[in-house]
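Hi,

Here is the structure I promised to pass on. Have a look, and my notes on pockets, one helix and a couple of odd backbone angles follow below.

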Amino acid sequence: MNLHGQFYIEGAWRDAQGRETTGVVNPATGQVIAEVHLGNEEDVAIAVAAARRAFAQWSQTTPAERAALLDRLHRIVLERREQLAQAMACEMGAAISHARSAHVGFAAEHIRVARDNAAAYPFTVLRGTTAIVREPIGVCALITPWNWPLYQITAKVAPALAAGCTVVLKPSELSPLTALLFAQAVHDAGCPPGVFNLVNGTGPVVGTALAEHPDVDMISITGSTRAGVLVAQAAAPTVKRVAQELGGKSPNVLLPDADFARVVPLGVAAAMRNVGQSCSAPTRMIVPRSRLREVESLAAAAVAEFVVGDPLDERTTHGPIANHAQFERVQHMIRVGIDEDARLVCGGPGRPEGLATGLYARPTVFSNVRTTMAIAQEEIFGPVLAILPYDTIDEAVAIANDTVYGLGAHVQGADIETMRAVARRIRCGQVHLNHPAWDPNAPFGGYKRSGNGREYGVEGMEEYLETKAVLGWGAA
Ligand code: NAD
């Protein structure tokens with residue numbers, strides 16, 4: 001077992017000030033695979049001071065210099081794909097093939113996009129004789145969750161560095177190992193000391209200290225709505241910018257003319273990708289009432305194709321739930337669905353057959369779900385799909401919008417104009433029509449209680465910029 005007692009601060013690995021440690025548990029085996037030191041307020045103060053010192057120079061670099069760093073980082077992350085994928089398989093149970101292709105593959109895309117944006121972005125434009133100058137906001141604290149460890153880190157770190165900001169990263173205390181490998185990759189890419197810093201620790205201690213710190217200009221958190229609210233409250237007295245990527249309960253509206261044989265399996269796969277532990281997973285499939293039975297059998301057939309098991313097995317499509325608390329939550333919500341009298345199409349409580357140990361859940365589909373049920377309203381964050389029937393398109397849209405969240409949505413159909421019209425009516429930050437390929441340039445983020453701000457693409461970098469108007473810049 002490895003002991004990680006150091007944080008990456010000002011270009012070097014330094015002993016943690018915090019003396020407490022936490023065990024990192026492999027959810028497939030229950031074994032503690034590493035022990036990691038948890039930081040305290042002192043660690044935060046040291047890291048923020050380092051980021052503040054580095055900001056003076058880093059903020060003055062040219063976009064080309066920042067793009068060059070991101071280019072090297074992109075290459076190194078891809079070179080270390082296997083090591084990073086293995087770390088995620090062990091610390092949060094990602095199926096290894098999925099970890100390689102999606103967790104690492106998509107994370108690398110965030111770095112590539114940030115590199116390209118750094119190089120191409122018009123940081124100064126003239127409006128009449130006034131220059132509109134976009135400048136880095138300053139020192140940014142970045143708090144990330146355990147469900148997509150590397151992907152969430154790169155979605156914040158890469159655009160922040162591209163903008164010219166310096167950062168202190170606090171990854172989830174439940175998945176810190178990938179973050180340690182990432183810090184080494186940043187170092188090996190030649191990042192100047194203090195530009196990128198990492199402090200491990202819990203939300204209440206390190207997260208709160210970062211949110212409250214007067215020398216942090218912006219805090220960006222991806223996690224639960226609960227944590228996002230606490231961060232905003234802690235950040236308010238210092239009037240720092242707060243970006244929040246929070247929970248979701250995304251709808252997937254199947255219009256009557258959709259190709260059901262294609263979109264139902266794709267919808268099930270999207271809802272249960274990463275074992276359903278994705279904030280934008282389309283976990284509410286909204287279907288014409290007359291097609292309910294057809295959708296149920298297509299969904300059950302799709303689930304039957306899944307291979308649930310050892311994340312290190314190449315054939316596995318779905319590993320275990322990432323941690324014990326989440327496993328208990330998923331089990332609880334499956335029982336709630338049964339108690340609410342939703343129709344259990346497949347799955348159910350308990351572990352899949354043959355998997356007596358490990359935090360494995362049964363991919364579960366409920367049908368005939370009403371929008372008032374808890375399984376239609378609460379984010380479950382596990383492999384649980386709710387199928388809700390509708391009678392009219394207006395009702396389908398109303399069900400889609402009947403949520404406190406507004407992160408993602410899907411619409412399936414044959415008539416593009418109808419799909420566009422439905423997409424416009426759904427209150428959320430990103431809509432997918434007929435399961436297109438993932439687009440790392442498409443801004444991502446929430447309406448309503450799914451958060452504030454956008455990540456990915458140009459908009460993701462603009463979050464880290466301030467706007468300065470210089471009047472008279474263009475005067476003769
Ligand atoms: P979480 O909110 O418990 O933790 C997320 C991060 O916030 C962790 O690093 C944690 O240490 C930190 N944190 C917790 N309490 C904090 C506090 N008081 N102050 C500062 N930081 C604090 O969430 P989780 O269990 O790691 O992740 C699952 C949740 O995150 C789900 O609700 C999911 O929807 C959401 N999520 C959202 C997105 C998105 O992009 N919108 C992405 C992934 C996960």
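To start with a quick check, how far should the 12 residues of helix H3 (residues 81-92) span at 1.5 Å a residue? The expected span is 16 Å, and the end C-alpha atoms of H3 are 16 Å apart, which agrees. (Expected span here is 1.5 Å times one less than the number of residues; helices are DSSP runs of H or I with at least four residues, strands are E runs of at least two, both numbered from the N terminus.)

Before you dig in: this is a predicted model, where local features need pLDDT of at least 70, side-chain atom pairs count only at pLDDT 80 or more, and totals for chains, interfaces and linings use all residues. Residues are numbered from 1 along each chain as its sequence is written, and side-chain values use heavy atoms, with hydrogens and water left out.

Back to H3. Leu84, Ala85, Ala87, Met88, Ala89, Glu91 and Met92 are buried there (under 20% relative accessible area, 1.4 Å probe, protein chains only). Their cover includes strands S4 (21-25) and S5 (32-37) as well as helices H2 (63-79), H4, H5 and H6 (176-188), with contact meaning heavy atoms within 4.5 Å. Just after H3, Gly93 has a positive phi of about 80 degrees.

Now the pockets (on a 1 Å grid over the protein atoms alone, open sets of points where a 1.4 Å probe fits, with protein on both sides within 12 Å along at least five of seven lines; lining residues have an atom within 4 Å of a point). The largest pocket has a volume of about 970 Å³, volume being the space filled by probe spheres set on the points. It is lined by 38 residues, with Trp146, Gly223, Ser224, Arg226 and Ala227 nearest its centre. H8 gives the largest share of that lining, 6 residues.

The second largest pocket comes to about 580 Å³ and has 27 lining residues, of which Phe106, Arg273, Ser280, His432 and Trp438 lie nearest the centre. Helices H4 (96-120) and H5 (149-163) are among the elements that each supply at least two residues to this lining.

Finally, two non-glycine residues with positive phi. Phe381 has phi near 60 degrees, sits in the loop between helix H12 (374-377) and strand S17 (384-390), and is buried at 16% relative accessible area. Tyr456 has phi of about 75 degrees, lies in the loop between strand S20 (451-452) and helix H15 (457-462), and is buried at 6%.

Cheers

Note on methods
Buried < 20%, exposed > 50% of the residue type's maximum accessible area, 1.4 Å probe, protein only.
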